[in-house]
Amino acid sequence: MSAMKHYLCWTILYLLIFPVLIITPDAQSDDSDCSTEIRVRHNTVHNASLGHQLRINCTVIFCSDSLPTVTWYKLEKTDVPVNVSSDNHIKTEWKPLNKSARIFYLIFQNILRSDSGQYQCHGGGSMSHAITVNVHVNTTSADTFWPVIYRVVGSVVFVTVVILICVTSKQGCKGKPRKTTKPSQELYTHIYDNDV
């Protein structure tokens with residue numbers, strides 16, 4: 001009988017431990033499935049004009065109530081975190097998509113040529129694909145086109161005015177030729193005949 005009690009105790013113990021073992025892996029799998037995921041389309045390229053604003057972004061998917069810590073890196077010889085501060089020309093910004101997804105922006109307020117390169121989001125053990133940023137000097141933009149047109153038109157108008165002033169001043173200096181009329185011979189003879 002004591003062997004039967006012993007067997008019954010072990011059976012009850014196994015029956016109590018078994019549900020705990022079944023529940024525990026599920027709880028652990030929920031924690032392991034809850035990780036930060038960062039998404040950026042592969043081979044993303046942004047072309048920007050020098051001095052303009054550029055916004056690049058990565059989508060961050062997370063399952064906690066608080067935002068994960070995400071950092072932008074510029075890929076060079078070594079990965080360098082992007083310097084984002086209030087006095088810098090680069091800042092970051094979050095935009096909500098839904099409860100568990102947000103867009104994390106890297107904003108170049110006045111992009112420089114040195115900002116060209118590849119950038120990545122890192123956070124929660126995840127990293128995005130590289131985003132390529134190309135900064136070009138745009139010489140055909142409206143910002144440089146119209147000032148050139150104004151200068152050309154202004155020069156043409158100036159030269160035209162100078163030529164007109166020269167031409168009219170030359171005619172004014174010469175003056176109009178005077179018509180000198182000599183009294184005709186008949187007039188003198190007619191006057192002379194009347195006197196006699």
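These are legends for several close-up views of a predicted model.

**View 1. The largest nonpolar core has 21 residues.**
Start with the members that touch the most other members: Ile56, Cys58, Trp72, Leu106, Phe108 and Tyr119. Which strands each supply at least two residues of this core? They are β3 (54-61), β4 (70-75), β7 (101-108), β8 (117-123) and β10 (131-136). Of these, β3 gives the most, with four residues. As a bit of background, nonpolar side chains tend to be buried together in soluble globular proteins.

**View 2. Here we zoom in on Cys58 and what it touches.**
Cys58 is one of the core residues that touch the most other members. Leaving out residues up to four places away in sequence, what does Cys58 touch? One group is Ile38, Arg39 and Val40, and another is Arg102, Ile103 and Phe104. Trp72 and Cys121 complete the list. Trp72 also appears among the core members with the most contacts to other members.

**View 3. Strand β8 and its pairing partners take the stage.**
How many of the seven residues of β8 are buried? Five are, so the strand is mostly covered. β8 pairs with β4 in the antiparallel sense over six bridges, and here Val70 sits opposite Gly123 of β8. Three bridges join β8 to β10, again running antiparallel. Look for Gly117, whose bridge partner in β10 is Val133. Then there is β9 (residues 126-127), which pairs with β8 in the antiparallel sense over two bridges. At that pairing, His122 stands opposite Met127 in β9.

**View 4. The hairpin of β8 and β9 has two residues between its strands.**
One thing to look for is Gly124, which takes a positive phi near 60 degrees. Gly124 is also touched by Thr36, so this is a handy place to pick up the next view.

**View 5. Thr36 sits in the loop between α1 (2-33) and β1 (37-39).**
Is Thr36 buried or exposed? Its relative accessible area is 14%, and buried means under 20%, so Thr36 counts as buried. What does Thr36 touch, not counting residues up to four places away in sequence? There is a run of Val60, Ile61 and Phe62, then Pro68, and finally Gly123, Gly124 and Ser126.

**View 6. His129 lies in the loop between β9 and β10.**
At 38% relative accessibility, His129 is partly exposed. Now find His42, which is 87 residues away along the chain. The C-alpha atoms of His129 and His42 are separated by 5.8 Å. Beyond its neighbours within four places in sequence, His129 is in contact with Val40, Arg41, His42, Tyr119 and Gln120. Tyr119 may ring a bell from the core view, where it is listed with the members that touch the most others.

**View 7. Three salt bridges turn up in this model.**
Side chains of opposite charge can pair when their charged atoms come close. Glu37 bridges to Arg39, with the closest N and O atoms 2.8 Å apart. Glu37 is partly exposed at 35% relative accessibility, and Arg39 is partly exposed at 46%. Arg55 and Glu93 form another salt bridge, with their closest N and O atoms 2.8 Å apart. Because Arg55 lies in strand β3 and Glu93 in strand β6 (residues 90-98), this pair ties together parts that are 38 residues apart in sequence. Arg55 is partly exposed at 34%, and Glu93 is partly exposed at 31%. Glu76 and Lys74 also meet through their side chains, at 3.8 Å from N to O. Is Lys74 buried or exposed? Lys74 counts as buried at 13% relative accessibility, whereas Glu76 is partly exposed at 49%.

**View 8. A nonpolar patch lies on the surface.**
Which residues form the patch? They are Phe145, Trp146, Ile149, Tyr150, Val153, Val157, Val161 and Ile165. Together they have about 780 Å² of accessible area. To place one of them, find Ile165 in helix α2 (residues 142-174).

Note on methods:
Residues are numbered from 1 along each chain as its sequence is written. This is a predicted model: local features need pLDDT of at least 70, side-chain atom pairs count only at pLDDT 80 or more; totals for chains, interfaces and linings use all residues. Side-chain values use heavy atoms; hydrogens and water are left out. Patches are made of residues with over 30% relative accessible area and no salt bridge: like charges are joined within 9 Å, nonpolar side chains (Val, Leu, Ile, Met, Phe, Trp, Tyr) within 5 Å. Accessible areas come from the Shrake-Rupley method with a 1.4 Å probe; for residues, only the protein chains shown count as cover. A salt bridge is a side-chain nitrogen of Lys or Arg within 4 Å of a carboxyl oxygen of Asp or Glu. A nonpolar core is a set of buried Ala, Val, Leu, Ile, Met, Phe, Trp, Tyr and Cys residues joined through side-chain atoms within 4.5 Å. Buried means under 20% relative accessible area, exposed over 50%, partly exposed in between (1.4 Å probe, protein chains only). Contact means heavy atoms within 4.5 Å. Two strands pair if DSSP finds at least two bridges between them.
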